[in-house]
Amino acid sequence: MATRAATPLSEAFEFEVDGALTAYWIAALRVITGWWFFHAGVTKLITDGLNFTYGPGYLKGMTGTALGPLPVWMGENLAWLIKPGVPLFETLIGLALMAGVLVRLAAFGGAFFMTLFWVGNAGFGHGLVTGDFMGLLLFVTMGVLATGRYYGLDAVIERTEFVRRRPRLKYLLG
Amino acid sequence: MQTTTIDRALLALSGALVLTGTVVLGIVEILAGEPYGAAPVEQTNAAGEVVNTIYPAVDPTIRTGLVIAGLVVLLAAAGYRMARGVGAADEVAHQPEVVAD
């Protein structure tokens, strides 16, 4: 008790994900990360519609990276999906994170996008840890901490009987 | 959180790969001298012409590859937990109650 009296903020700042400040901050990070992707996606939709032609070309240029032939193959063979998919999925990932719905699924999608951006942009002049990499880590964090459970709709969805009977869905929600 | 030896091994491997790609090889890069970043640096003369290009000690493709491998292992760890059905206790807890009569 003496320790608690001496450090009255210890509980507010303790590393319990459902601690008051931790939950608030995790939710704030989730919404800001979501807005980041929503903005990127919706502005592409406004300017290019569902025909983001830059996407396939960008992937075709990713030769000699750690991802091997995958991005080039995607650029050459999945252009039909990438052109509408980049703006659409960015927008949906952003909306999902902001609302806190299917956060783990959305975070996986965001991490996939950010891996391609991190490796593709290759702006490593100031080291390997770039803004793109920090974005990638944010998405991984969203998934690992299941941030949709804190002020997000996943908290409500996970309490439904449908999800309770199918607990594996928590790997997509959360 | 219920963890098994495989869980812990996968998480340790994931962390080791990510930290090797970023921190450990980052230290190697600094100790090896310029360029301190992970990209080639072009040296120019007074006229702005490129006279020399110095390359990082460790190919950034290797470093990014290690980090990506670490993240894939983390994904595998999540997949392993999912396949094991962690959370199945909830399923049992919410099954309809069976009474004797």
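## Chain folds

Helices and strands here are DSSP runs, numbered from the N terminus. The model is predicted. Chain B follows the order α-β-β-α-α from its N terminus. That gives three helices and two strands. Chain A has 10 helices and zero strands. Its pattern along the sequence is α-α-α-α-α-α-α-α-α-α.

Chain A has 174 residues, and 36% of them count as buried. Chain B has 101 residues, with 21% buried. Contacts over long sequence separations occur in both chains. Take pairs at least 6 apart in sequence. In chain A, 64% of such contacts join residues at least 24 apart. In chain B, the share is 60%.

## The nonpolar core

In soluble globular proteins, nonpolar side chains tend to be buried together. The largest nonpolar core in this model holds 39 residues. Leu97(A), Val103(A), Ala106(A), Ala107(A), Ala111(A), Leu136(A) and Phe139(A) have the most contacts inside this core. Both chains supply elements that give two or more residues. From chain A these are helix 3 (20-48), helix 6 (79-99), helix 7 (103-121) and helix 8 (131-144). From chain B they are helix 1 (5-31) and helix 2 (60-84). Helix 7 of chain A provides the largest share, 10 residues.

Ala107(A) is one of the residues with the most contacts inside the core. Beyond its neighbours within four places in sequence, Ala107(A) is in contact with Phe139(A), Met142(A) and Gly143(A). Phe139(A) is also among the core residues with the most contacts.

## Asn121(A) in helix 7

Helix 7 of chain A also holds Asn121(A). Around Asn121(A), 14 other C-beta atoms lie within 10 Å, so the residue is partly exposed. Asn121(A) and Tyr58(A) are 63 residues apart in sequence. Their C-alpha atoms are 9.3 Å apart in space.

## Helix packing in chain B

Two packed helices are described by the angle between their axes and the distance between the axes. For helix 1 and helix 2 of chain B, the angle is about 160° and the axes are 8 Å apart. Helix 1 of chain B is therefore roughly antiparallel to helix 2 of chain B, as angles over 145 degrees count as roughly antiparallel. The contact between these helices involves 16 nonpolar, six polar and three charged residues. Helix 1 of chain B passes helix 2 of chain B in a left-handed crossing.

Both helices also belong to the elements that give two or more residues to the core.

## Contact between the chains

At the interface, 18 residues of chain A are in contact with 21 residues of chain B. The chain A side divides into eight nonpolar, six polar and four charged residues.

## Glu42(B) in strand 1

Strand 1 of chain B covers residues 41-44 and includes Glu42(B). Is Glu42(B) buried or exposed? With 11 other C-beta atoms within 10 Å, Glu42(B) is exposed; the cut-off for exposed is 12 or fewer.

Setting aside residues up to four places away in sequence, Glu42(B) touches Val50(B) and Thr53(B). Glu42(B) and Leu19(B) are 23 residues apart along the chain. Their C-alpha atoms are separated by 28 Å.

Key. Residues are numbered from 1 along each chain as its sequence is written. Chains are lettered from A and ligands numbered from 1 in the order in which they are written. This is a predicted model: local features need pLDDT of at least 70, side-chain atom pairs count only at pLDDT 80 or more; totals for chains, interfaces and linings use all residues. A nonpolar core is a set of buried Ala, Val, Leu, Ile, Met, Phe, Trp, Tyr and Cys residues joined through C-beta atoms within 7 Å. A residue is buried if 20 or more other C-beta atoms lie within 10 Å of its own, exposed if 12 or fewer, and partly exposed in between; C-beta atoms are placed from the backbone. Helices (H or I, at least four residues) and strands (E, at least two) are DSSP runs, numbered from the N terminus. Two residues are in contact if their C-beta atoms, placed from the backbone, lie within 7 Å. Axes are lines fitted to C-alpha atoms, for helices over the stretch in contact, and angles run from 0 to 180 degrees between N-to-C directions. Angles under 35 degrees count as roughly parallel, over 145 as roughly antiparallel, 65 to 115 as roughly perpendicular and the rest as oblique. A crossing is left-handed if the near helix is turned anticlockwise from the far one by less than a right angle, and right-handed if clockwise. Ala, Val, Leu, Ile, Met, Phe, Trp, Tyr, Cys and Pro count as nonpolar, Asp, Glu, Lys and Arg as charged, and the others, Gly among them, as polar.
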